[in-house]
Structure formats: structure tokens, C-alpha cells
Amino acid sequence: MSGFSVNEPSRRMKWFAGILVVFYALVTLMPLLWIIATGFKSPADSIAYPPKVIFRPTLEGYVNLFTTQTRITPDMEEGLEPPKNWVEQIVRDKGMVIAGPSRYVQRFMNSVIIGFGSTFLSVFLGTLAAYAFSRFRVPIKDDLLFFILSTRMMPPIAVAIPIFLMFRQLGLSDTHMGMILLYTAVNLSLSVWLLKGFIDEIPLEYEEAALIDGYTRFQAFYKVVLPQAMTGIASTAIFCLIFAWNEYAFAVLLTSGEAQTAPPFIPTIIGVGGQDWPAVAAGASIFLLPVMVITILLRKHLLRGITFGAVRK
Amino acid sequence: MAENAMDRIARATPPGVARKIRGLSDRAIAWIFVGPSIFLLLAINIFPLIWTIRLSFTNFRVNRINAPVKWIGLRNYERILTDPDIWQTMQATAHFLFWTIFFQVLIGFTLAWLINKKFRGNDLWTTLIVLPMMLSPAVVGNFWTFLYQPQIGLFNYVVAFFTGADPSSFSMIGSIDLAPWAIVIVDTWMWTPFVMLICLAGLRSIPDSIYEAAEIDRASKWRQFWTITIPLVLPFLMMAVLFRGIENFKMFDLVVQLTGGGPGSVTTLTSIDLKREAFEKWRTGYASAYAVILFVTIFGLASIYVKALNKVKER
């Protein structure tokens, strides 16, 4: 090989392609940048015309997100102490006082608990099942695998009707446990399919060697296969987590208070007189940023995750 | 670390239990490993599905628990299939499905083709382009209503800036003509990267040697594109369409947050309509029949499509 390939694009072509792709990327990122920027705007700036690109950043949106406030009435005014910190100062400048914390932190924590709980369960169950599907002759294996995948095709609303009834009877509606079980079941298809692909790639010889050395099947599984599959398990876990994190349909139908996650909550953040966009944007920013960071870290495994392991790079 | 922990667990296992486990046949282990997953899926997916099918033959309503439940046979199905409103939502869904897939394939493939020109920094830009699809559709959809505000919305401002129209003269989500396109735009914005990534994998899977052979045969670039690139990427592209098709047929979160199905019912996709029947009008039996019809439709279309996909792959 001379190092020359006929398929190598010309220099001009590369520039042309690069400029178009960068242009698309900038356009497509605008809404996301706008969310982050709006979080730092004052309510007046957020609804200014023309839309403000340069503005004085303020944390008012974040303060509104985390607190509930009441307007200062004339008879309250005398007994009022001077604001103790910058948070109170921001609120006081609007003629309000902090009445208490908002429910955002609780909803966010619900997302964390349900997300991590269901991820742990679905990866745990998925690893076991994937190992069995990969290594043993399971009767009607293909049918079972297809059955597992097909559960993903059902519209969530269609399944939600009986689950709603079932959860009501079992006392699981609006509980962390109910949502964790539900998301685990939904994520199982993803985790089994992805992990089967990862385990298939681990050469059988390692295990055979271990079995000959006197390991039992279980030992071979957790001493040889598990460590080898760790990267696969980690990226599967992240995909399950992102699904549970983003899920909305089940959450909005089956939770209302105690176990409500952030996605159904964020759109309901209302300020005084209409939607408080900086607060919504602040809530969205905090909620979306972790996923953006994870996506960038995960870029090598992205394709595999989103296609259930059908496309491997 | 993990191995040490495992060793400790192994040592801590009582000898009796250990002997029992050791004695298990592969077949038994297989069932122990697969069992819990299958059980959970049966409990949370299949059992509810069977329940839905059963309910679909009744006039049960969740909000009237004490009312007598009557077995009404196929009446629910009959009413759904002859209801013109439902055909309207089916049309809205078809419009949404067709145009989102059309734009996502067009833009996604073009982007993949451009990225495959391997310009410097293409990895970085690919990763940035992918970001929207990983985010919560409900949260992002909700924010798009802000971008779509007449006058103050960024989207309207940008469109007005380039077309010279008055930014308050049109409302993407308030107008009957524009709302179906408003949801197509946001879905395309969100999911084009998905099609792009899969196409990119397809393009990268084509070995250089094929192009080199074509070059020796003096095939023009244009011909190479149509006789090598397109046929070899087609199975990937079709798979991307399958994924997007199923997902968009089920579409709920993004559109509910964007338009809530309005104005009127022009963006009431089937899932949104179903949600109204089941959880707002509480016509549980009727909604169950609706759900069964949807599921059968998705399943049927997907199976036919997968058959076609396999044919393309075999070629």
C-alpha cells in the first residue's frame, strides 16, 4: 500500500463537508444553548423582543426554581428583617419573601432513586439472562429473545391502563417501588439484548479453560465472564439510566406526588402570572446537563446502545 | 476488588448450598438465570396485555367501579373502527410518521455522507450533533413551546429574520395549518442524529477496496454512489426507519408537551387520543380495545417490514 486511497476525499470536498456539518451542528445546538441561557435571564429579559442574546446574567431563575415565595403585604413590611443572604436579596428585590423550598429537589431525587434503582435491577437481571442466552442451549431461545424485544413495541399508554389498575390493587401507584419495577421491566429488553451482544464477544475459550481448571459454572461466570463484560455492563447501565431518567408517559399517568419524577414536574413550574420561563429553563438545565455530559463520555458506545446492539461499530 | 468480594461471597456460602449449586446442570442454571427476567416481563407486560384484551370486550369504566361490568363482545372494536374521529387521528399520525421519517432520512443520510468525508474534527462535531436525541423529550418539548411563541420566541424570530415576515404574524403551535409541521420540526431536530449515526456506521462498513475496483473499471463517482454506496447502506437505513417508525407510532411525550394534541385535534396522534379515552374520559373498556388495535397494527406493520428488511439484507 502506498498510503494513497482513491476513496480519500479531495481537500475542497473536506472543507465543503466540514462547513456544512459545523453549520448544522450550530443550528441544532441553538435550542439547547437557549435553554441554558434562559436559565440565567431575568423574567423580563427572557420574554424581551427581539430575543436577547446579550443580557445581564442573574440567578433569579434558579432561586425561583428552588423556592416558593409570597408577596410582601403592607402589614408584613414592618416586621421584616433585612435580607440575610444574596438569595433572599434577589427575592426581596421583587417585593417577595421566601415561603419555603419548592418541590423541585424532591422530584429530582425521585428521578435519581427510580433511575438508579431500576437501572441496577434491570442490569442485574439482564446480565444473568444474557449470559444464559449467550452460553446455554435454552429451549425456544429465539422466541424468548424476540418476545423480550417485542415488549418494547407496545405503546406505553396501552400498557398503562391495566398497570394502573394493577398498581392500584397492589398499592403500588405513586410509589418508588412501583415505578422501579415498571422501568425495570421496560428496560429489560434493552439490557438483555445489549448484554447478550457484549457477552457473545467474550471468547468461549476463557471459560472453558476455567472450567477445566476446576471452576464451577458459577465461578466461571463471575470470575471470568463478569470482569470481561464490565465495559458492556457499564454502558448498558448508562443506557438504562438515561431511559428511566427521560421517561414521561408512565410517570405522568402513574405518579402524581410522592413518586413523581422530574419530567412531568418541570413543565408544571408556574411563576406569578404565567409560566416562569427562567425557572423552567433552570430546572431543565439541571436535569439535562448530566445526560449531555454522559453522552459525550459515552460516544463510542452510543450507536450500539440506541440500536439495541443491532449495529456494532 | 470485585473479584475479591466475589471470592469472599463464595467462601461464605455454606458447603451444603455450594454443593447443591455445583451439582446444578447447565440447563438448570440457564433457567435460574433467565427465569426472573421472564417472570418480571410476564407480570408487568404480558399479564397487563391479557388483561387489556379481556377488558376490551367489556364496558368497564375505572371511575365507576361499582357499576355492573357487561360483556359486550366486539362492540368496542366496531365503534372504534367506524368512528370518523379516530380515522382523523390516524391521519394525523400518518402525516407525522411520513414527514418525520422523510426529513430524518434525507438530512440524516446527507449529514452522515458529509461526516464520512473525514474532515478534521468530524468526531467532535458528530458528538455535538447527537446531543438532542439523548435528552428527555417531555422537558425539551416543553421548552420548544417557548421557542415557538409568536413575537418573543427564538424560532419565530429567526424565521422572520430570514423571510421578512412579522414574527408575531404566525403561531406554530396555535395555528391549524402550522401545528402539524411544528411537531414534525421538533421531532426531526431531535431524531435526525439517530438516522445519521446508523447511516454513518453503514458508510464506514463499506470497504475501500470496492470503490478502488470501481475506480479501475472507470465508474464515475455518480455511478459509484448509486451502485455501491446506496445499496450497501440501504439495510442500515431501513433499520433506522424501522426504529423511528415504531417509536413515532407510539409518540406521546414530545407532542403532548408541545401542542397537547391541539389546536382542535390536528396534532392528536393515536397515543394522545388513547390517553384521553383511558385517563380523561375513563372509558376503560373502549380504550382497551383501542390499545389492542394499536398494538396489532404496530406489530403487524413491523413484522411485514422486518421481512422486507431481511430480503434486502440477503441480496
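Visitor: Where in chain A is P50(A) placed?

Guide: P50(A) sits in the loop between α2 (43-46) and α3 (60-66) of chain A. Keep in mind that this is a predicted model.

Visitor: What makes the peptide bond from Y49(A) to P50(A) worth a remark?

Guide: Most peptide bonds are trans. The one from Y49(A) to P50(A) is cis, with omega near -5°.

Visitor: What is the phi of I140(A)?

Guide: I140(A) is not a glycine, yet has a positive phi of about 45°. Most residues other than glycine have a negative phi. I140(A) belongs to the loop between α5 (104-135) and α6 (141-150) of chain A.

Visitor: Why is chain A called more spread out than a compact globule?

Guide: For 313 residues the globule rule gives 20 Å, and the radius of gyration of chain A is 26 Å, which is well over that value, so chain A is more spread out than a compact globule. Along the principal axes, the C-alpha atoms of chain A fill a box of roughly 85 × 65 × 40 Å. Its secondary structure comes to 14 helices and two strands.

Visitor: What domains does the assignment give for each chain?

Guide: In chain A, domain 1 covers 59-103 and domain 2 covers 105-268, with their C-alpha centres 43 Å apart. In chain B, domain 1 covers 2-55 and domain 2 covers 82-314, and 39 Å separate the centres of these two.

Visitor: How many residues does each chain bring to the contact?

Guide: Chain A brings 88 residues and chain B brings 81. On the side of chain A, the largest share comes from helix α1 (residues 11-39), with 15 residues. That side divides into 71 nonpolar, twelve polar and five charged residues.

Visitor: Why is α8(A) called oblique to α3(B)?

Guide: Helix α8 (residues 176-200) of chain A packs against helix α3 (residues 26-55) of chain B at an angle of about 125°, with the axes 9 Å apart. Roughly perpendicular runs from 65 to 115 degrees and roughly antiparallel begins over 145. The angle of about 125° fits neither range, so α8(A) is oblique to α3(B). The crossing of the two is left-handed.

Visitor: Which residues meet where α8(A) passes α3(B)?

Guide: From α8(A) they are L181(A), L182(A), T184(A), A185(A), L188(A) and V192(A). From α3(B) they are S37(B), L40(B), L41(B), I44(B) and N45(B).

Visitor: How is this helix contact divided by class?

Guide: The contact of α8(A) with α3(B) has eight nonpolar, three polar and no charged residues. T184(A), S37(B) and N45(B) count as polar, because Thr, Ser and Asn are neither in the nonpolar group nor in the charged one.

Methods
Residues numbered from 1 in each chain as written. Chains lettered and ligands numbered in written order. Predicted model: local features only at pLDDT ≥ 70, side-chain atom pairs only at ≥ 80, totals over all residues. Domains from an automatic or database assignment. Contact = placed C-beta atoms within 7 Å. Helix = DSSP H or I, 4+ residues; strand = E, 2+ residues; numbered from the N terminus. Axes fitted to C-alpha atoms, helices over the stretch in contact; angles between N-to-C directions. Parallel < 35°, antiparallel > 145°, perpendicular 65-115°, else oblique. Left-handed = near helix turned anticlockwise from the far one by under 90°. Rg over C-alpha atoms; globule rule 2.2 N^0.38 Å.
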